[in-house]
Amino acid sequence: MLSCKDIADRASALNDGELSGWDALQIRLHLAMCKGCSRFVAQMRATDQLAARASDPGEPLEHEADDRRLTEILSTLRKEQSRH
Amino acid sequence: MLANQLQEKHCIQRLKAGDEAVFRALYTRHNQPLIRMAATIVNSRATAEEVVQETWMAVLKNIGTFEGRSSLAGWIFTILINKARTRARRDGRSVSFDEGGEDDNLSTAFDGHGRWKAMPELWDEITPERIVAGRGLAEHMRMAIDALPPAQRAVIVLRVQQEFEPSEVCAILGLSDGNMRILLHRARLSLRATLAKLL
Ligand SMILES: [Zn+2]
């Protein structure tokens, strides 16, 4: 029998879809009976989704700095191209 | 997947032909993640931005020799890591990702039988816009990611935010598969714990 700690240790692998067969079945069985682990695994999934979304572009200031640097790169590139 | 591969092939061809619009799109998509990645290796945000700028120049200069053995983004991140490591070494910093980080923060969560001492809470409304303690959850998450040990932060950026395959994350960071998975799991546990305190 898997303990709750075992489930917590495997939460990443489970949410990443990396478990199969007997492993996955045992975990599904535990989750069906254990509210604590179901909630924990859901928390881990929510954490990951939020972490993924947190990389969305930040403040307008960052955009401006990005634009400025992009212009620099492109003008350097054009200079080099015209030299050839 | 096939559509993505075709799109990537097309994108690489356009870049090789010097298409500025395609480069602009690539830059917009990856610039901030690259800065965050560089910041896990060099000592300041300003240095990270410089290293990323050098990376983009190198990408444009060398795109003609890119053979597509990794994804385009994987190739760009690999160039970045090499440049950042060179820079960090010059600044006298150690640059290895091969550290496990501290032990996970769940060690006290279970009783002697491996059962939860306290039942985890039911979370609802985990949206980036939700305001908690004066900030949006996305902002809390950004701060929590910035506070992770460098190796854990690097794995979160590449695996969770950039959605690279595990094998590509390992190749870019020079990690074994086992170590990468440990870092990823610990990082997620740590971020979860930060949210749990807020919610
Ligand atoms: Zn359980």
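How much area do domain 1 of chain B and domain 2 of chain B bury between them, and what share of it is on carbon and sulfur atoms? The legends below address this predicted model.

**View 1. The two domains of chain B and the area buried between them.** Chain B is divided into domain 1, residues 2-90, and domain 2, residues 98-199. Taken over C-alpha atoms, the centres of domain 1 of chain B and domain 2 of chain B are separated by 25 Å. The contact involves 14 residues from domain 1 of chain B and 11 residues from domain 2 of chain B. Together the two domains bury about 1000 Å², with 62% of this area on carbon and sulfur atoms.

**View 2. B:Arg36, B:Met37 and B:Thr40 at the contact.** These three residues supply 44% of the area that domain 1 of chain B buries against domain 2 of chain B, which is more than any other three residues.

**View 3. Polar contacts across the interface of the two domains of chain B.** Between domain 1 of chain B and domain 2 of chain B, 2 residue pairs are in polar contact, both at pLDDT 80 or more. The number of salt bridges found across this interface is 0.

**View 4. Helices on the side of domain 1 of chain B that touches domain 2 of chain B.** Helix 2 (20-38) and helix 4 (72-90) of chain B each supply at least two residues of this side. Helix 4 of chain B gives the most, with 6 residues. By class, this side of domain 1 of chain B has 6 nonpolar, 6 polar and 2 charged residues.

Conventions:
Residues numbered from 1 in each chain as written. Chains lettered and ligands numbered in written order. Predicted model: local features only at pLDDT ≥ 70, side-chain atom pairs only at ≥ 80, totals over all residues. Heavy atoms only, no water. Domains from an automatic or database assignment. Contact = heavy atoms within 4.5 Å. Buried area = accessible area lost by both parts, 1.4 Å probe. Salt bridge = Lys/Arg side-chain N within 4 Å of Asp/Glu carboxyl O. Polar contact = N/O pair within 3.5 Å; in protein donor to acceptor, adjacent residues only side chain to side chain. Helix = DSSP H or I, 4+ residues; strand = E, 2+ residues; numbered from the N terminus. Nonpolar A, V, L, I, M, F, W, Y, C, P; charged D, E, K, R; others polar.
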